[in-house]
Amino acid sequence: MTNSVVVSVNNLHHSYGDKSVLKGLDLSLKAGRVYGFLGANGAGKTTLINLLLGRLKASQGSVEILGNRAGSAAAKAKVGAMLQIGSLPANLTVLEQLNLFASYYQSPMPVSKALRLSDLNAHENSPFSKLSGGLKQRLLFAIAIIGDPQLVFLDEPSLAMDVNARQQMWQTIRQLKAQGKTVVLTTHYMEEAEVLSDELFILNEGKIIAQGSPSELSHNMQLSEVSFACELNESELSALLPEWSWQVNEGKAATRCKAPNAMLKQAFVNGLSCDLLSVKPSSLEQTFLSLTETAEHEDKTPVNSASEKSAKEQAA
Ligand SMILES: Nc1ncnc2c1ncn2[C@@H]1O[C@H](COP(=O)(O)OP(=O)(O)OP(=O)(O)O)[C@@H](O)[C@H]1O
């Protein structure tokens with residue numbers, strides 16, 4: 001089962017009216033893996049999930065879920081989803097909701113297990129309308145997994161969850177993966193993306209601009225975060241070292257770059273002493289920011305889109 005293709009997406013486009021939101025995505029997602037989709041607000045993540053669920057009809061292209069058309073009864077039977085806007089009957093209790101959703105599936109997990117996995121035992125008799133935001137999220141997560149689905153979509157699942165609930169959910173996601181299930185996750189929490197995902201996709205304005213494991217992405221970008229003490233302001237520093245984009249705060253200059261030595265050489269040539277120098281490998285968050293900034297400025301799609309800039313830096 002592992003390695004078998006669970007989601008196959010071909011040249012997927014979607015527009016709302018004349019607004020093009022997804023622009024030709026190709027994906028092949030496999031069993032037993034967690035896939036994270038990162039992207040700024042409006043990048044198209046929720047639209048993609050809705051297309052994979054068959055809740056939206058693609059403007060162009062195709063989506064297959066375990067060999068079935070997305071949204072078909074056969075696909076729905078194998079899929080669970082936790083969506084951002086998840087409204088449930090207000091007066092049904094947690095237990096009643098789970099029993100109801102379990103009845104939609106052929107071989108659901110026991111309701112007691114779903115309660116345990118989402119840490120909802122203490123709230124089983126509370127009606128949906130009386131749950132806090134975080135508890136509602138936990139219930140939506142429980143509903144996403146109650147059918148024991150092969151494929152689980154989680155759209156920003158840890159929104160409003162407290163630390164304990166989030167940790168419990170992460171553990172459950174790892175268990176699902178260990179059982180050979182596929183999890184598709186969107187999140188704005190870089191830590192969540194980094195600790196859970198086998199493979200990350202960075203979506204920017206409807207295109208995948210980078211993909212790979214969290215460490216591959218950082219490694220491919222080979223970015224370093226450099227900072228040093230600086231008496232110049234941002235525009236003075238940018239005028240001296242125009243190839244890099246600078247932030248200067250409280251006497252500390254910071255930038256991200258691929259070739260810190262080349263940059264520092266230029267800084268010294270320009271008379272900067274670079275006291276309190278720090279050079280660190282870039283975090284996933286910085287890698288994400290850099291990739292999306294590069295895509296916006298250069299309108300290039302491949303993961304190595306920063307390589308040209310790197311070459312310039314190396315030459316400097
Ligand atoms: N029903 C709709 N009608 C028109 N435009 C829409 C509709 N739904 C989404 N959009 C637009 O499509 C774009 C992508 O939205 P989408 O919700 O897929 O992004 P997202 O990456 O999930 O964002 P977020 O991180 O904020 O949830 C946005 O510009 C949004 O305004």
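Hi everyone, let me start with a definition: two strands pair if DSSP finds at least two bridges between them. Helices (H or I, at least four residues) and strands (E, at least two) are DSSP runs, numbered from the N terminus. With that in hand, here is a first example: N10 stands opposite S62 in β4.

Two notes before we go on. This is a predicted model, in which local features need pLDDT of at least 70 and side-chain atom pairs count only at pLDDT 80 or more, while totals for chains, interfaces and linings use all residues. Residue numbers run from 1 along each chain as its sequence is written.

Now the overall picture. The protein chain has 12 helices and 14 strands, and its C-alpha atoms fill a box of roughly 70 × 45 × 40 Å along the principal axes. I'll say "buried" a lot, so here is the rule: a residue is buried if 20 or more other C-beta atoms lie within 10 Å of its own, exposed if 12 or fewer, and partly exposed in between, with C-beta atoms placed from the backbone. Of the 316 residues, 38% count as buried. As for contacts, two residues are in contact if their C-beta atoms, placed from the backbone, lie within 7 Å. Among contacts with a separation of 6 or more, 67% are between residues 24 or more positions apart.

Back to the strands. N10 belongs to β1 (residues 5–16), which pairs with β4 (residues 60–65) in the antiparallel sense over 5 bridges. Both are part of an open sheet of 4 strands in the order β2-β1-β4-β5, with antiparallel pairing. At the edges sit β2 and β5 (68–69), each pairing on one side only.

On to β8, residues 182–186. Is this strand mostly covered or not? It is mostly covered, as 5 of its 5 residues are buried. In a regular strand the side chains alternate between the two faces of the sheet. Here T182, V184 and T186 point one way, while V183 and L185 point the other way. Strand β8 has parallel partners too: β3 (residues 34–38) is joined to β8 by 4 bridges, with V34 opposite V183. Strand β7 (residues 151–155) pairs with β8 over 5 bridges, also in the parallel sense, and there F153 has V184 as its bridge partner.

F153 brings us to the core. A nonpolar core here is a set of buried Ala, Val, Leu, Ile, Met, Phe, Trp, Tyr and Cys residues joined through C-beta atoms within 7 Å. The largest one has 67 residues, and those touching the most other members are L52, A142, A144, I145, F153 and I202. Helix α5 (residues 133–145) gives the most to this core, with 8 residues. Take A142: leaving out residues up to four places away in sequence, A142 touches L98, A114, L115, L117, S118 and L120. There is also a second, separate core of 9 residues, including L237, A253, M263 and A267.

L98 sits in α3 (residues 94–102), where V94, Q97, L98 and F101 are buried. Seen down the axis of α3, these buried residues fall within an arc of 95 degrees (taken from the directions from the helix axis to the C-beta atoms), so they line one face of the helix. They pack against α4 (111–117) and α5.

Next, the ligand. Which residues are around the ligand? They are Y16, K19, V21, G39, N41, G42, A43, G44, K45, T46 and T47, where being near means a C-beta atom, placed from the backbone, within 6 Å. Helix α1 (45–52) and strand β2 (19–30) each supply at least two of these residues, and α1 gives the most, with 3. By class, the shell has 3 nonpolar, 6 polar and 2 charged residues; Ala, Val, Leu, Ile, Met, Phe, Trp, Tyr, Cys and Pro count as nonpolar, Asp, Glu, Lys and Arg as charged, and the others, Gly among them, as polar.

Last, three loop residues. Most residues other than glycine have a negative phi. D119, in the loop between α4 and α5, has a positive phi of about 55 degrees, and D119 counts as buried because 20 C-beta neighbours lie inside 10 Å. E205, in the loop between β9 (199–204) and β10 (207–212), has a positive phi of about 45 degrees, and with 18 C-beta neighbours inside 10 Å E205 counts as partly exposed. K57, in the loop between α1 and β4, is exposed, with 10 other C-beta atoms within 10 Å.

Thanks for listening!
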